[in-house]
2 protein chains.
Amino acid sequence: MTVLESHADTALSKDRLRVWLKLLKVTRGMEAELRERMRVEFGSTLPRFDVMAALARHPGGLRMSGLSDVLRVSNGNVTGIVDRLVAEGQVARAQVPGDRRAQLVRLTPAGQAEFLRMARTHEAWVDALMADLDARDAAALLAGLGRLDRLEGQL
Amino acid sequence: MTVLESHADTALSKDRLRVWLKLLKVTRGMEAELRERMRVEFGSTLPRFDVMAALARHPGGLRMSGLSDVLRVSNGNVTGIVDRLVAEGQVARAQVPGDRRAQLVRLTPAGQAEFLRMARTHEAWVDALMADLDARDAAALLAGLGRLDRLEGQL
DNA sequence: CATGAATATTTCAGGCTTGAAGGAATTTGC
DNA sequence: GCAAATTCCTTCAAGCCTGAAATATTCATG
């Protein structure tokens, strides 16, 4: 950091703030659109879809705390979402042999089928929402976002 | 769109999905960090800060529906947040002369002072969280995000 | 001017989210 | 083997958020 940058409110500071505001705007906008479509098309929600996606990537199942870690969401939150998925029959809880505290959560066959249906559609939605992005734009965004992602980990 | 791109799951599709997932991860991560700091440092929240920021940019005040438009949040949501800000003394509701349906919401002097304090700190937090971003990165991100922002408006 | 349409806001149910507190089971250290 | 610390999960209060319904007021039109 040079002397010229050592005070707040440099041009760079302002640009970073602008990036943050745009990041928020774009992410919230896309999320709102995807949430609405999820609701109308599947009668589901993004958090439920996220849980199912995590379970789909772990065919052996995940513990509640495993879900909490993977999704970076509080434990209590996972409890509520899994409760609803169980009520819908998309997911099942099972005992963990050696540990009576833990629960293993797995997609049911119905949940697996439904997830595949949702995942394909969801991917197409994202693709359409990002239609303006060519391979170059995507690479540039991934690079920039990668920097932000790395820095956060350090906190 | 060329013939090669006319089926789902092209490399570009995958890249777009990757961008979306990273966007979500970075935004959620930063938001969680900012939320926590807002809570600890100011006993406040991002939604309340957003409302105050909108009002700070409109010294004449905003109607409830104006806030709803600017923040892109539902009407009912604004009601609750403004209720809390009123209870805290940061914001006041006033009658609109010609229209007894409407409410004009304004920052109180205390709310204005508190907002300035929060805004300065918030900007510094964002700056620090994005320390890895140089002017070039910021410009690239703004450009890429701008494309996503534009496309959404078309929905 | 009356009445039906449009507008501004609130209320509500349902769901997501957190942080904190609590209960149950396991692990650790002596 | 046992007490203390840790781990796993749930519960809870408070807040945010949406979409839909209800209320109140204003506008438009005949």
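At what angle do helix α2 of chain B and helix α4 of chain B pack? The angle is about 85°, and the axes lie 10 Å apart. Helix α2 covers residues 46-56 and helix α4 covers residues 75-88.

Some ground rules. This is a predicted model: local features need pLDDT of at least 70, side-chain atom pairs count only at pLDDT 80 or more, and totals for chains, interfaces and linings use all residues. Residues are numbered from 1 along each chain as its sequence is written, and chains are lettered from A and ligands numbered from 1 in the order in which they are written.

Back to the helix pair. Helices here are DSSP runs of H or I with at least four residues, strands are runs of E with at least two, and both are numbered from the N terminus. An axis is a line fitted to C-alpha atoms, for helices over the stretch in contact, and angles run from 0 to 180 degrees between N-to-C directions. α2(B) and α4(B) are therefore roughly perpendicular to each other. On that scale, 65 to 115 degrees is roughly perpendicular, under 35 is roughly parallel, over 145 is roughly antiparallel, and the rest is oblique.

Who makes the contact? From α2(B), we have B:Pro47, B:Arg48 and B:Val51. From α4(B), we have B:Ile81, B:Val82, B:Arg84 and B:Leu85. Contact means that the C-beta atoms, placed from the backbone, lie within 7 Å. By class, this contact has five nonpolar residues, no polar ones and two charged ones. Nonpolar covers Ala, Val, Leu, Ile, Met, Phe, Trp, Tyr, Cys and Pro; charged covers Asp, Glu, Lys and Arg; the others, Gly among them, are polar.

Now the DNA. Start with strand D. It is surrounded by 25 residues. The closest are A:Ser65, A:Gly76, B:Pro47, B:Gly76 and B:Asn77. Near means that the C-beta atom, placed from the backbone, lies within 6 Å of the strand. B:Pro47 also belongs to the helix contact I just described. α4(B) gives the most to this surface, with six residues. The residues near strand D are six nonpolar, eleven polar and eight charged.

Strand C next. Here 23 residues surround the DNA. The closest are A:Pro47, A:Gly76, A:Asn77, B:Ser65 and B:Gly76. At least two residues each come from α2, α4 and β3 of chain A, and from α3, α4 and β3 of chain B. α4(A) gives the most, with five residues. By class, the surface near strand C has five nonpolar, ten polar and eight charged residues.

How do the two protein chains relate? A rotation of 180° with 0.0 Å of shift along its axis superposes chain A on chain B, at an RMSD of 0.0 Å. That is the relation of a two-fold axis. The C-alpha of A:Leu141 is the one in chain A nearest the axis, 2.9 Å from it. Copies are superposed by least squares on the C-alpha atoms of residues with pLDDT of at least 70 in both.

The chains meet through 42 residues from chain A and 42 residues from chain B. On the chain A side, α1, α5 (109-129) and α6 (135-153) each give two or more residues. α1(A) has the largest share, 17 residues. That side divides into 24 nonpolar, four polar and 14 charged residues. The same surface serves both copies, with 100% of the contact residues of chain A recurring in chain B.

A few single residues to finish. B:Thr27 sits in helix α1 of chain B, residues 11-42. Across the chains, B:Thr27 touches A:Leu23, A:Leu24 and A:Thr27, leaving aside residues up to four places away in sequence. B:Thr27 counts as partly exposed, with 19 C-beta neighbours inside 10 Å. The cut-offs: 20 or more other C-beta atoms within 10 Å is buried, 12 or fewer is exposed, in between is partly exposed, with C-beta atoms placed from the backbone.

A:Arg72 is in the loop between α3 and α4 of chain A. Its phi is positive, about 55°, although A:Arg72 is not a glycine. A:Arg72 counts as exposed, with 10 C-beta neighbours inside 10 Å. In chain B, B:Arg72 lies in the loop between α3 and α4, with phi near 55°. B:Arg72 counts as exposed too, with 10 neighbours.

Last, A:Asp69, in helix α3 of chain A. A:Asp69 is partly exposed, with 14 other C-beta atoms within 10 Å.

Note on methods
Contact = placed C-beta atoms within 7 Å.
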